Amino acid sequence: MTGEYLVLKGALALALPLKLGQSLEIKQLETNNNQLYWEAWRPEGKWFSVTLNRENLVNFSTDDPDKANRLSQILLAIKQLNPKAFEGNDLDFSTRLDFDPNWGLGSSSTLIANLARWANVNPYKLLKLTFGGSGYDIACATAEQPIYYQLVNNRSALRQAQGPQPMKVVEPVETPTPMVEPADFDPSFTEHLFFVYQGQKQSSSKEIKAFLEKANPADLQKDIEAVSDISRSIPKCQNLDEFGLLMQCHERIIARCIGQEPVQKRFPDFEGVLKSLGAWGGDFILAATEWNENQAKDYFKKKGLGVVFSYQDMVI
């Protein structure tokens with residue numbers, strides 16, 4: 001919801017876990033052919049399969065070499081963190097997504113969270129060895145309500161963030177600690193909030209790399225503090241107008257930080273406020289409007305965007 005990009009530099013982020021997720025089923029087989037079998041399913045059916053050498057996790061056969069190589073890298077990282085993870089008989093893995101993987105709703109983060117749980121390894125360490133990022137989506141993968149997420153040095157800094165006094169954002173050290181706290185975000189205007197897929201999945205890893213290469217923490221300090229203030233203020237909004245003003249302010253800050261135009265400029269006739277979510281330029285945007293669900297869906301359908309979710313359908 002808030003804090004994209006700047007969460008990497010220590011800003012307080014407000015994040016929402018989704019009803020759409022990914023399951024993982026693992027079976028240890030009776031055979032011992034030194035193999036690992038993997039099938040990945042999405043709503044339309046199977047979308048990826050591979051057979052790996054269980055010892056060195058090298059690809060035997062697959063219908064998608066790029067995905068197979070990426071999966072091999074993840075499993076090798078697990079083996080690095082837990083050398084005994086793949087011992088025993090052959091293994092059969094099956095994943096099932098509740099959504100189209102192109103939507104950018106967390107197919108990678110839920111996979112990392114599920115595999116880390118199975119292998120008994122730290123999910124944030126596994127993320128660092130694979131996709132990288134702040135880790136907020138890892139926290140959301142197992143959350144049951146909205147959360148505050150921040151990379152800090154100690155717990156007291158995050159607890160300050162929820163108090164009435166402005167918080168001085170703690171500058172992250174080389175290996176910051178992910179801190180997660182429940183957030184009391186249950187707005188009375190959820191029927192006026194919608195999530196709209198822009199039709200182009202963004203590469204989070206690529207966006208993160210670009211941001212980190214050009215971002216100077218000293219130059220960002222005021223923006224980090226401002227976004228943290230917005231994250232604290234949003235749960236206190238009493239109406240849609242207050243919420244919309246904070247969203248507009250947030251968009252201006254991030255636009256300045258990354259050198260891109262707010263998504264609102266692409267829809268000048270939209271009656272409400274639009275906010276980018278995650279990596280800008282693709283994936284989903286948040287729409288806040290007085291329109292009802294039919295009006296919102298009709299508007300975006302005319303713009304060529306046919307995937308629109310209500311807040312109630314999307315958020316836990």
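In which helix does E242 lie? In this predicted model, E242 belongs to helix α8, which covers residues 240-258. The protein as a whole contains 10 helices and 12 strands. Of its 316 residues, 51% are classed as buried. The area exposed by the protein amounts to about 15400 Å², and 46% of this area is supplied by carbon and sulfur atoms. When contacts between residues at least 6 apart in sequence are considered, 70% of them join residues at least 24 apart.

Two residues of helix α8, E242 and H250, illustrate contrasting surroundings. E242 has a relative accessibility of 35% and therefore counts as partly exposed, since this class lies between the limits of 20% and 50%. On the surface, E242 gathers with E191, D241 and E290 in a patch of negative charge.

H250, by contrast, has a relative accessible area of 0% and is therefore buried, as the limit for this class is under 20%. Leaving aside residues up to four places away in sequence, H250 is in contact with T2, G3, E4, V227, I230 and K275. One of these contacts, E4, stands 246 residues from H250 along the chain, yet the C-alpha atoms of the two residues are separated by 9.7 Å. Within helix α8, then, the partly exposed E242 takes part in a surface patch of negative charge, whereas the buried H250 touches residues that include T2, G3 and E4.

Key
Residues are numbered from 1 along each chain as its sequence is written. This is a predicted model: local features need pLDDT of at least 70, side-chain atom pairs count only at pLDDT 80 or more; totals for chains, interfaces and linings use all residues. Side-chain values use heavy atoms; hydrogens and water are left out. Helices (H or I, at least four residues) and strands (E, at least two) are DSSP runs, numbered from the N terminus. Buried means under 20% relative accessible area, exposed over 50%, partly exposed in between (1.4 Å probe, protein chains only). Contact means heavy atoms within 4.5 Å. Accessible areas come from the Shrake-Rupley method with a 1.4 Å probe; for residues, only the protein chains shown count as cover. Patches are made of residues with over 30% relative accessible area and no salt bridge: like charges are joined within 9 Å, nonpolar side chains (Val, Leu, Ile, Met, Phe, Trp, Tyr) within 5 Å. A salt bridge is a side-chain nitrogen of Lys or Arg within 4 Å of a carboxyl oxygen of Asp or Glu. Lys and Arg count as positive and Asp and Glu as negative; His and the chain ends are not counted. The place of a charge is taken as NZ of Lys, CZ of Arg, CG of Asp or CD of Glu.
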